[in-house]
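Work through the exercises below with the sequence and the structure in view. Try each task before reading its solution.

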Amino acid sequence: MPQYRRTHIPGCTVFLTLVSYDRSPLFSTAESIKLLRQSLSTVLTEMPFQFVAGVVLPEHLHFIWTLPEQDSNYSQRVGRMKVLFTQALRGKGCLPTTVSRSRQKHRESDVWQRRFWEHTIRDEADFRNHMDYLHYNPVKHGLVKCPHEWEVSSFHRWVQRGRYEPDWGCCCKGNKSVGR
């Protein structure tokens with residue numbers, strides 16, 4: 001069995017990528033996004049942390065979280081969020097109907113990929129690069145032409161805070177500004 005190694009630094013800021021099983025467009029409806037937000041809200045209440053940034057695309061999510069000073073367990077938070085979201089889908093009768101034998105054996109549904117990708121943010125430049133990557137991701141995947149067009153993103157909140165110009169990465173209205 002493979003040994004997965006993750007960095008666990010108390011109080012760290014971590015960039016996370018979570019993907020739906022088989023890249024199914026699980027997060028393409030307002031209802032599923034609402035259930036995801038409720039799941040995340042519950043996790044924030046149960047195991048507080050700072051939600052720094054996020055973007056929800058049809059088949060994957062990117063988050064940046066900062067953990068409390070004495071806490072390094074983002075894996076537990078991710079796992080709990082996945083469970084809560086899956087339970088919410090089950091409650092709405094929205095779970096996929098065909099589940100592979102392997103997943104049945106492990107008492108899993110076909111909602112999430114088994115693992116997730118993480119990167120511990122090292123410094124301010126690394127933070128800026130991951131923020132830009134996260135907020136430009138809907139453009140990169142061809143879902144919109146400009147970051148401001150994607151609703152399910154913390155980009156709008158960061159514009160209000162002055163971190164981004166409203167036209168950052170924008171190509172509409174003749175603007176030639178380019179994101180990363």
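## Exercise 1: Strand pairing

In β3, the bridge partner of Val-55 is His-62. The model used here is predicted.

Task: Find how β2 and β3 pair, and over how many bridges.

Solution.
1. Start from the pair already given, Val-55 and His-62 in β3.
2. Add a second pair: Val-56 stands opposite Leu-61 in β3.
3. Look at the connection. A hairpin of three residues leads from β2 to β3.
4. State the result: β2 and β3 (residues 60-66) are antiparallel and share six bridges.

## Exercise 2: The order of the sheet

Task: Determine in which order the four strands form the open sheet.

Solution.
1. Take β1 and β3. They run antiparallel and are joined by seven bridges. Two of the residues in β1 can be placed against β3: Thr-13 is opposite Thr-66, and Leu-16 is opposite Phe-63.
2. Take β1 and β4. Four bridges join them, again with the strands antiparallel. Here Leu-16 stands opposite Glu-118 in β4.
3. Put the pairs together with that of β2 and β3. The order is β2-β3-β1-β4, with antiparallel pairing.
4. Identify the edges. β2 and β4 (117-120) each have a single partner strand, so one side of each has no neighbour in the sheet.
5. Add the angle. On average, neighbouring strands are turned by 15 degrees against each other, with direction ignored.

## Exercise 3: A helix on the sheet

Task: Say which strands helix α4 touches, and what angle its direction makes with that of β3.

Solution.
1. Locate the helix: α4 covers residues 124-140 and packs on the sheet.
2. List its contacts: α4 touches β1 (13-19), β2, β3 and β4.
3. Give the angle: the direction of α4 makes about 150 degrees with that of β3.
4. Pick one residue of α4, Asp-126. Beyond its neighbours within four places in sequence, Asp-126 is in contact with His-119, Thr-120 and Ile-121.

## Exercise 4: Buried or exposed?

Task: Decide whether Asp-126 is buried or exposed, then examine β1 and β3.

Solution.
1. Recall the cut-off: a residue is buried when its relative accessible area is under 20%.
2. Apply it. Asp-126 has a relative accessible area of 6%, so Asp-126 is buried.
3. Turn to β1, where seven of the seven residues are buried. Thr-13, Phe-15, Thr-17 and Val-19 point one way, while Val-14, Leu-16 and Leu-18 point the other way.
4. Do the same for β3, where seven of seven residues are also buried. His-60, His-62, Ile-64 and Thr-66 lie on one side, and Leu-61, Phe-63 and Trp-65 on the other, so that both faces are covered.

## Exercise 5: A pocket

Task: Describe the second largest pocket by its volume and its lining.

Solution.
1. Write down the volume, about 250 Å³.
2. Count the lining: 15 residues, with Arg-37, Leu-40, Phe-51, Val-56 and Val-152 nearest the centre of the pocket.
3. Sort the residues by kind. Eight are nonpolar, four polar and three charged.
4. Trace the elements. α1 (30-46) and β2 (50-56) each supply at least two lining residues.
5. Name the main contributor: α1 gives the most, with five residues.

Methods: Residues numbered from 1 in each chain as written. Predicted model: local features only at pLDDT ≥ 70, side-chain atom pairs only at ≥ 80, totals over all residues. Heavy atoms only, no water. 1 Å grid on protein atoms, 1.4 Å probe; cavity = no way out; pocket = protein on both sides within 12 Å on 5 of 7 lines; lining within 4 Å. Points joined across faces, edges and corners; volume = space filled by probe spheres on them. Nonpolar A, V, L, I, M, F, W, Y, C, P; charged D, E, K, R; others polar. Pairing = 2+ DSSP bridges. Axes fitted to C-alpha atoms, helices over the stretch in contact; angles between N-to-C directions. Contact = heavy atoms within 4.5 Å. Buried < 20%, exposed > 50% of the residue type's maximum accessible area, 1.4 Å probe, protein only.
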